[in-house]
Number of protein chains: 2
Amino acid sequence: MHREPSGNRVQSVDRALALLEALAEVGNAAGLVELSERVDLDASTAHRLLQTLQARGFVRQEEGTRRYSLGLRAFEVGNAVDFVNELRHASRPVLETLAERSQETTNMVIRSGWKASIIEYWPGQHFLRVQAEVGRVMPLHATASGKVLLAACAPDEIEAFLRQGRLAALTPRTVTSPDEIRQDQQWVRAHGYAVDDEEFETGVRCVAAPVRNRDGRVVAAVSISGPTVRMQSGELNQYIQMVRRAGADISRNLGYEEAPAPVF
Amino acid sequence: MHREPSGNRVQSVDRALALLEALAEVGNAAGLVELSERVDLDASTAHRLLQTLQARGFVRQEEGTRRYSLGLRAFEVGNAVDFVNELRHASRPVLETLAERSQETTNMVIRSGWKASIIEYWPGQHFLRVQAEVGRVMPLHATASGKVLLAACAPDEIEAFLRQGRLAALTPRTVTSPDEIRQDQQWVRAHGYAVDDEEFETGVRCVAAPVRNRDGRVVAAVSISGPTVRMQSGELNQYIQMVRRAGADISRNLGYEEAPAPVF
DNA sequence: GGTGCTTTTCCGTCTATCGGAAACTAGTTT
DNA sequence: AAACTAGTTTCCGATAGACGGAAAAGCACC
């Protein structure tokens with residue numbers, strides 16, 4: 001009867017969730033056939049599932065084109081994710097201070113799947129600055145915060161990422177060879193922070209440090225990103241200090257105690 | 001056989017979505033029994049559905065307590081909602097300029113269900129300022145942006161809201177009587193903007209204007225909110241001008257043409 | 001008005017879902 | 001330490017309800 005590691009899931013629900021994910025992935029509106037092919041379902045089945053999703057507002061269908069896209073309810077539910085809101089609250093004041101001190105854009109980033117995702121940011125003050133946005137996703141291997149988040153994964157998870165992940169070269173400086181990434185990871189873990197030297201976007205450098213929850217697990221990364229012209233070795237070292245400090249501050253807000261407080 | 005307006009939905013999917021909504025509503029983690037009662041399901045059924053949701057990362061279960069809460073995937077999908085991202089992009093630069101000119105916090109707000117929800121904001125410069133946050137929800141009847149969004153609804157929808165909505169008094173100044181709200185709505189529609197005079201939080205005033213998409217439908221509201229001490233009649237009138245202008249600017253970014261450009 | 005493409009509805013088959021009950025786990029009381 | 005209580009998870013047989021093929025309805029472009 002073949003049970004697999006599947007456990008006991010509900011088929012139709014699983015398929016409906018796959019449709020939601022597919023819609024999230026395509027970004028814009030998609031037709032029924034495209035969607036049903038993406039999740040490998042009969043069009044009539046996909047249609048029925050989409051109708052159900054639509055009835056609850058998780059999906060909406062354009063009047064004219066009849067194409068489907070994600071609905072408001074999906075947004076509402078997404079914004080109710082407790083875990084993310086806790087991180088946002090804990091990081092907001094720290095991001096603001098960090099942005100004031102560094103004058104550069106500061107970000108709070110979590111790993112979601114094999115991507116890094118900005119959940120909160122504070123813009124820098126300069127006219128020329130890095131423009132972040134909530135919800136933006138970036139590759140783990142080509143950003144400072146991504147590297148920090150990757151370093152927090154178990155070795156076998158990292159290997160899995162290196163195998164299945166698409167290691168795109170976004171700039172001439174992006175490190176894409178698994179061996180070099182493994183070395184880089186070693187470095188990040190040894191130093192407790194990561195640097196992105198124009199590996200994601202030419203002309204942009206970035207430094208990031210880990211954020212821990214009360215169990216000591218790395219749950220996010222804080223980063224400072226700015227134009228290379230203002231991120232030369234002098235400032236960079238300062239920013240590294242700052243961002244590590246910020247990581248520690250946010251971790252404290254989350255209940256992490258670096259050195260256990262003495263009793264009495 | 002009684003078909004109702006139900007159409008043909010998939011029962012298990014509908015139930016799973018109800019669980020997601022329930023989780024979003026309770027905010028924090030909830031036990032299996034609490035959830036199954038909330039959505040009126042047998043515990044074993046709810047458990048199976050939750051396992052399915054968990055397998056895809058839409059729900060997560062705490063290690064120790066075994067309580068359920070929304071997962072990261074729900075956040076990811078929520079942030080991929082196209083419609084919201086379009087509004088964010090179109091509003092961001094305008095919110096920033098508006099905040100620089102007014103020195104107060106500026107917000108982009110949409111209606112979701114019978115609540116107003118902040119999807120983007122820009123903080124004011126003052127030390128004393130209104131602190132907005134993405135994802136925060138507020139009542140429609142007690143905020144300037146809420147009033148604008150309500151005014152955009154069809155009359156019978158407004159009536160439905162007045163009946164079923166809980167019209168809580170958040171401050172001594174909150175307008176809670178349906179009749180007064182109807183009158184207020186008349187005013188908002190006639191003037192094309194709304195004011196909240198300490199109706200949501202004592203000491204805070206707020207002005208809001210509608211944002212239209214290319215079809216001319218009101219899809220969001222822009223607002224300026226600041227402490228009453230800096231929102232006296234002099235400034236208030238200026239801010240009303242500013243916020244209406246901002247609403248028009250964002251609408252233009254969305255493709256709305258107030259007066260069609262002359263064709264040569 | 002025909003042709004090709006997508007979306008929606010219909011319906012009989014049979015599979016995947018349902019819920020009762022039992023097993024398990026953990027925390028509390030006797 | 002056993003018994004009790006409350007919540008969570010697994011098991012299983014019955015059948016409600018989901019499935020997909022096929023046909024119908026829309027829509028667009030000739």
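Student: What share of the interface residues of chain A are also interface residues in chain B?

Tutor: In this predicted model, 95% of the interface residues of chain A are also interface residues in chain B, so the copies meet through the same surface; residues are in contact if their C-beta atoms, placed from the backbone, lie within 7 Å.

Student: Before we go on, what are the ground rules for the model?

Tutor: Because the model is predicted, local features need pLDDT of at least 70 and side-chain atom pairs count only at pLDDT 80 or more, while totals for chains, interfaces and linings use all residues. Residues are numbered from 1 along each chain as its sequence is written, and chains are lettered from A, and ligands numbered from 1, in the order in which they are written.

Student: Ok, so how many residues does the contact take from chain A and from chain B?

Tutor: The contact takes 41 residues from chain A and 40 residues from chain B. On the side of chain A that touches chain B, at least two residues each come from α1, α3, β2 (68–70), α4 (72–79) and α5 (82–102) of chain A, where helices (H or I, at least four residues) and strands (E, at least two) are DSSP runs numbered from the N terminus. The largest share of that side, eight residues, belongs to α1(A).

Student: And how many residues of that side of chain A are nonpolar, polar and charged?

Tutor: The side of chain A that touches chain B has 19 nonpolar, 14 polar and eight charged residues, with Ala, Val, Leu, Ile, Met, Phe, Trp, Tyr, Cys and Pro counted as nonpolar, Asp, Glu, Lys and Arg as charged, and the others, Gly among them, as polar.

Student: What rotation superposes chain A on chain B?

Tutor: A rotation of 180° with 0.1 Å of shift along its axis does so, with an RMSD of 0.2 Å, by least squares on the C-alpha atoms of residues with pLDDT of at least 70 in both copies. The two copies are therefore related as by a two-fold rotation axis. In chain A, the C-alpha nearest the axis belongs to A:Gly78, at 2.2 Å from it.

Student: Switching to the DNA, which residues come closest to strand C?

Tutor: Of the 19 residues that surround DNA strand C, the closest are A:Gln11, A:Gly31, A:Leu32, A:Ser44 and B:Thr45; a residue is near a strand if its C-beta atom, placed from the backbone, lies within 6 Å of it. At least two residues each of that surface come from α1, α2 (32–38) and α3 of chain A together with α1 and α3 of chain B.

Student: And which come nearest to strand D?

Tutor: Around DNA strand D there are 19 residues, of which A:Thr45, B:Gln11, B:Gly31, B:Leu32 and B:Ser44 come nearest. Two or more residues each are given by α1 (11–26) and α3 (43–55) of chain A and by α1 (11–26), α2 (32–38) and α3 (43–55) of chain B, and the surface near DNA strand D comprises five nonpolar, nine polar and five charged residues.

Student: Now the sheet in chain A: what is the strand order?

Tutor: The six strands form an open, antiparallel sheet in the order β5-β4-β3-β8-β7-β6, with strands counted as paired if DSSP finds at least two bridges between them. β5 (137–139) and β6 (194–197) of chain A stand at the edges with a single partner strand each, so one side of each is left without a neighbour in the sheet.

Student: How many bridges join β6(A) to β7 of chain A?

Tutor: Four bridges join β6(A) to β7 (residues 204–212) of chain A, and A:Ala194 stands opposite A:Ala208 in β7(A).

Note on methods: Contact = placed C-beta atoms within 7 Å.
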